[in-house]
2 protein chains.
Amino acid sequence: MLYLIGIGLNDEKDITVKGLEAVRRCSKVYLESYTSKFQAGIGRLSQYYGKEVIIADRNLIENQADIILDQAKSTDIAILIIGDVFGATTHSDIYLRAKEKGLDISVINNTSIINAVGIVGLELYKYGRIASLPFFEESYKPATPYSVISDNLSHSLHTLVLLDIRHDQDRYMTASQAMKQLLELEDEKHEGIILQETRIIACSRIGSEDSLIKYGAVKDLISLDFGKPLHCLIIPSKLHFIEEQMLDTYSIYNSV
Amino acid sequence: MLYLIGIGLNDEKDITVKGLEAVRRCSKVYLESYTSKFQAGIGRLSQYYGKEVIIADRNLIENQADIILDQAKSTDIAILIIGDVFGATTHSDIYLRAKEKGLDISVINNTSIINAVGIVGLELYKYGRIASLPFFEESYKPATPYSVISDNLSHSLHTLVLLDIRHDQDRYMTASQAMKQLLELEDEKHEGIILQETRIIACSRIGSEDSLIKYGAVKDLISLDFGKPLHCLIIPSKLHFIEEQMLDTYSIYNSV
């Protein structure tokens, strides 16, 4: 059996009971570690599970998936995925390869940033498409995230902006960098979507006990230190009364 | 302390280890039971937790929230929420009331239909706004779900369609009913979005081991029995190669 197990966003106890029971049955346990970052550190996983957790980097997952999957023909193998199971194309790809090999597959779900962001207080039903913001380079400054936000706003929808991860270089985009990049796009597009005065939400470590959520104008949020990764931004659209009240609890102007 | 704990979509072992530890510390455990349905039955929760699970219906949650929350001033109280914690306005409302009372609040996340639907194989980043389809009545046939699908399609985005729940009447909309209602809206709007030939995905009990996922034309899916609730539909937009391959594994035409 191949178990595909979401392990949530923060620490070793975010796995479900069902997931933990499966892990403890498995003869090998891999952690897909290049599409996200496990906040509490991988050592804690091995220790808690009482099993070696093998880091599956991009190379192992993309080029040597067969080696992992073939083991699941005769024994129980787990691939752990940070957040929920189907968060990236990679995971569909693993699933398809396993299907092709005729393996039994068990999917054990967990939270992902997509629903955990609900804590910010904006209705999940009122989010539009997710925007992904890559690290800008001199000759690579894609405007897609800006146009996703723009489209969503024109339909009165909020936007979750996920920030780039370069796991191999240990680089994780900060909320502040993300705001700078969005301001750069604003300078180019001039739609008035992300201005210094625009009120947005910046977050770090959503899903963990030391998560930080701040609501305020870009010019004020941009200088704040959100600490360890992962960070993300939310660009709110028109607010419902309850949403406004929720955001108030995170306002940087209340605590000044 | 007030614990707001997502318990996932299916059975008693979908709670996280962190959530289970919290539940076992609590002197009272409530289950918010009117915005969703717990698939495995509530008796199994009480038995597994070793605690009485008190059903918190609409009246208790909306009108007597103070009674529940006031207990959390002096002892540990859990409110369990099916799926993830912030799935409905109700949950923001509880959070806000608890904040007002100055309570310590701990949020323990879990999966929700919004990310668990990833198993269908469509990229979560390519979904637009979620559509909610209410039971039609003679004088109440809102076209919003249709226009949400239409907007999403015009931006090449997939749509998750969540189906109405009338918990107090034990009524849960089936995939078949949902398709009929969408065809009714098509007859009215004529945008060519949901025709007999349109290929969509119909699902039941996503997140559980007996989930059913079928991909095919509306005219063929509409007569299928998807069994016990909850059901949902997904209206796919333009498909990426991997998405196509994933949907193929669910095609009703492969198994004929």
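**Exercise 1. In which loop of chain A is the place of Leu230(A)? Describe also the peptide bond before Leu230(A), and compare the matching bond in chain B.**

Solution. The model is a predicted one, and the reader can begin by locating the residue in its chain. Leu230(A) is placed in the loop between α9 (218-221) and β12 (231-235) of chain A. The next step is the bond itself: Pro229(A) and Leu230(A) are joined by a cis peptide bond, with omega at about -5°. Turning to the other chain, one finds that Pro229(B) and Leu230(B) are likewise joined by a cis peptide bond, omega being about 0°, and that Leu230(B) lies in the loop between α9 (218-221) and β12 of chain B. As background, most peptide bonds are trans.

**Exercise 2. Asp170(A) and Arg205(A) each have a positive phi; state for each where it is found and whether it is buried or exposed.**

Solution. Begin with Asp170(A), which is not a glycine and yet has a positive phi of about 55°. Asp170(A) is found in the loop between β8 (165-166) and β9 (171-172) of chain A, and because its relative accessible area is 55%, above the limit of 50%, it counts as exposed. Continue with Arg205(A), whose phi is near 50°; this residue is found in the loop between β10 (199-204) and β11 (212-217) of chain A. With a relative accessibility of 8%, Arg205(A) counts as buried.

**Exercise 3. Describe the surroundings of strand β10 of chain B, beginning with its partners and ending with Ser204(B).**

Solution. First, consider how covered the strand is: β10(B), residues 199-204, has five of its six residues buried. Second, look at its partners. With strand β11 (residues 212-217) of chain B the pairing is antiparallel and extends over six bridges, and within it Arg199(B) has Ala217(B) as its bridge partner. With strand β12 (residues 231-235) of chain B the pairing is also antiparallel, through four bridges, and here Ile201(B) stands opposite Ile234(B).

Third, turn to Ser204(B), which lies in β10 of chain B and counts as buried at 0% relative accessibility. Its side chain reaches the backbone oxygen of Phe226(B) at 2.9 Å, and a polar contact of 3.3 Å joins it to the side chain of Arg205(B). Leaving out residues up to four places away in sequence, the residues that Ser204(B) touches include Ser211(B), Leu212(B) and His231(B).

**Exercise 4. Which residues does Val120(B) contact beyond its neighbours within four places in sequence?**

Solution. Start from the position of Val120(B), in the loop between α6 and β6 (131-133) of chain B. Its relative accessible area is 0%, so Val120(B) is buried. Setting aside the neighbours within four places in sequence, its contacts are Ile201(B), Cys203(B), Ile213(B), Ile234(B), Met246(B), Leu247(B) and Tyr250(B). As for distance along the chain, Val120(B) and Ile206(B) are 86 residues apart, while their C-alpha atoms are separated by 9.2 Å.

**Exercise 5. Explain why strand β7 of chain B is largely enclosed by the rest of the structure, and name the strand β6(B) as you describe its pairing.**

Solution. The count comes first: because five of the five residues of β7(B), residues 159-163, are buried, this strand is largely enclosed by the rest of the structure. The side chains can then be sorted by direction, for Thr159(B), Val161(B) and Leu163(B) point one way, whereas Leu160(B) and Leu162(B) point the other way, and all are buried. Finally, β6(B) and β7(B) run parallel and are joined by three bridges, with Ser132(B) standing opposite Leu162(B).

**Exercise 6. How many residues of chain B are in contact with chain A, and what area is buried between the two chains?**

Solution. Counting contacts, 51 residues of chain B meet 51 residues of chain A. The buried area is about 4,400 Å², and carbon and sulfur atoms give 59% of it. In chain B, Val17(B), Lys18(B) and Tyr125(B) lose the most area to chain A, together 15% of what that side buries. A further step concerns charge: eight salt bridges are found across the interface, and Glu21(A) forms a salt bridge with Lys13(B), the closest N and O atoms being 3.2 Å apart.

Key:
Residues are numbered from 1 along each chain as its sequence is written. Chains are lettered from A and ligands numbered from 1 in the order in which they are written. This is a predicted model: local features need pLDDT of at least 70, side-chain atom pairs count only at pLDDT 80 or more; totals for chains, interfaces and linings use all residues. Side-chain values use heavy atoms; hydrogens and water are left out. Buried means under 20% relative accessible area, exposed over 50%, partly exposed in between (1.4 Å probe, protein chains only). Helices (H or I, at least four residues) and strands (E, at least two) are DSSP runs, numbered from the N terminus. Two strands pair if DSSP finds at least two bridges between them. Contact means heavy atoms within 4.5 Å. Buried area is the accessible area (1.4 Å probe) that two parts lose on being put together, summed over both. A salt bridge is a side-chain nitrogen of Lys or Arg within 4 Å of a carboxyl oxygen of Asp or Glu. A polar contact is a pair of N or O atoms within 3.5 Å; within protein, one must be able to donate a hydrogen and the other to accept it, and residues adjacent in sequence count only if both atoms are side-chain atoms.
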